[in-house]
Amino acid sequence: MPDFCYNYIMKKILVIHGPNLNLLGEREPEIYGNFTLEEINSKAAARAKSLGLEADFFQSNSEGDIVDTIGAARKKYDGIIINPAAYTHTSVAIRDAISASGLPVVEVHLSNIYKREDFRRKSLIADVCVGQISGFGVTGYALAVEALASRPE
Ligand code: CA2
């Protein structure tokens, strides 16, 4: 029996939602589903709790606020789940913040961005994340929680 363990126990995670995701459930249900952001958060929180994790949630329409939140997360959280929404395709600032955080980050998209318009098929953050989950709707967040929970470090 070793007197120490290499396994990293994930404790606290932060789920970040980008611009317009506060509108979920109100418009475009054929693309993004019928769930509201509140419902998505409570499902993700339940999955986290069932795995012994604690989850906090943040939504902003502002790129700078998202950058600041990722920067501040370094000392408070063990991992991040992020759906940067439209900033996925444009934001070098969010990419750099993820890179600088040193935290394991899972990118989530409700829709399959590779089945949509050309401009959505490029993620500027994918290669600074540990992985990407795209196209599974609300289930994607639960999958992301599981991915962080089971990640050996
Ligand atoms: O599929 C995803 O999760 C996206 O990140 C959603 C973004 C989109 O820009 C990305 O390409 C893919 C859009 C979020 C806006 O959500 C709305 C919800 C309801 C009504 C209108 C927009």
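Here are a few friendly notes to help you find your way around this structure.

1. **Confidence first.** Please keep in mind that this is a predicted model. The protein has a mean pLDDT of 93, and 93% of its residues reach 70 or more. The exception to flag is residues 1-6, where the pLDDT is below 50. Beyond near neighbours in sequence, that stretch has 1 contact in the model.

2. **The sheet.** A good place to begin looking is the open sheet, which is formed by 5 strands with parallel pairing. Read across, the order is S2-S1-S3-S4-S5. Which strands stand at the edges? They are S2 (54-59) and S5 (131-134); each has a single partner strand, so one side of each is left without a neighbour in the sheet. On average, neighbouring strands are turned by 20° against each other, direction ignored.

3. **One strand pair in detail.** If you would like to follow a single pairing, try S3 (residues 79-83) and S4 (residues 105-109), which run parallel and are joined by 3 bridges. Here isoleucine 81 stands opposite valine 106 in S4.

4. **Helices on the sheet.** Helix H3 (residues 63-73) packs on the sheet, where it touches S1 (12-17), S2 and S3. The direction of H3 makes about 175° with that of S1. Helix H5 (residues 139-149) lies across S1, S3, S4 and S5, and runs at about 160° to S3.

5. **H3 against H4.** Two packed helices are described by the angle between their axes and the distance between the axes. For H3 and helix H4 (residues 92-101), the axes come within 9 Å and cross at roughly 5°. Because angles under 35 degrees count as roughly parallel, H3 is roughly parallel to H4. On the H3 side, the contact is made by Glu63, Ile66, Val67 and Ile70; H4 contributes Ala93, Ile94, Ala97, Ile98 and Ser101. Sorted by class, this contact has 7 nonpolar, 1 polar and 1 charged residues.

6. **A residue to visit: leucine 51.** You will find leucine 51 in the loop between helix H2 (37-50) and S2. Is leucine 51 buried, partly exposed or exposed? Its relative accessible area is 35%, so leucine 51 is partly exposed, given that the class runs between 20% and 50%. Not counting residues up to four places away in sequence, leucine 51 touches Val145, Glu146 and Ala149. From leucine 51 to proline 104 there are 53 residues in sequence and 17 Å in space, C-alpha to C-alpha.

Key:
Residues are numbered from 1 along each chain as its sequence is written. This is a predicted model: local features need pLDDT of at least 70, side-chain atom pairs count only at pLDDT 80 or more; totals for chains, interfaces and linings use all residues. Side-chain values use heavy atoms; hydrogens and water are left out. pLDDT is the predictor's confidence in each residue, from 0 to 100. Contact means heavy atoms within 4.5 Å. Two strands pair if DSSP finds at least two bridges between them. Helices (H or I, at least four residues) and strands (E, at least two) are DSSP runs, numbered from the N terminus. Axes are lines fitted to C-alpha atoms, for helices over the stretch in contact, and angles run from 0 to 180 degrees between N-to-C directions. Angles under 35 degrees count as roughly parallel, over 145 as roughly antiparallel, 65 to 115 as roughly perpendicular and the rest as oblique. Ala, Val, Leu, Ile, Met, Phe, Trp, Tyr, Cys and Pro count as nonpolar, Asp, Glu, Lys and Arg as charged, and the others, Gly among them, as polar. Buried means under 20% relative accessible area, exposed over 50%, partly exposed in between (1.4 Å probe, protein chains only).
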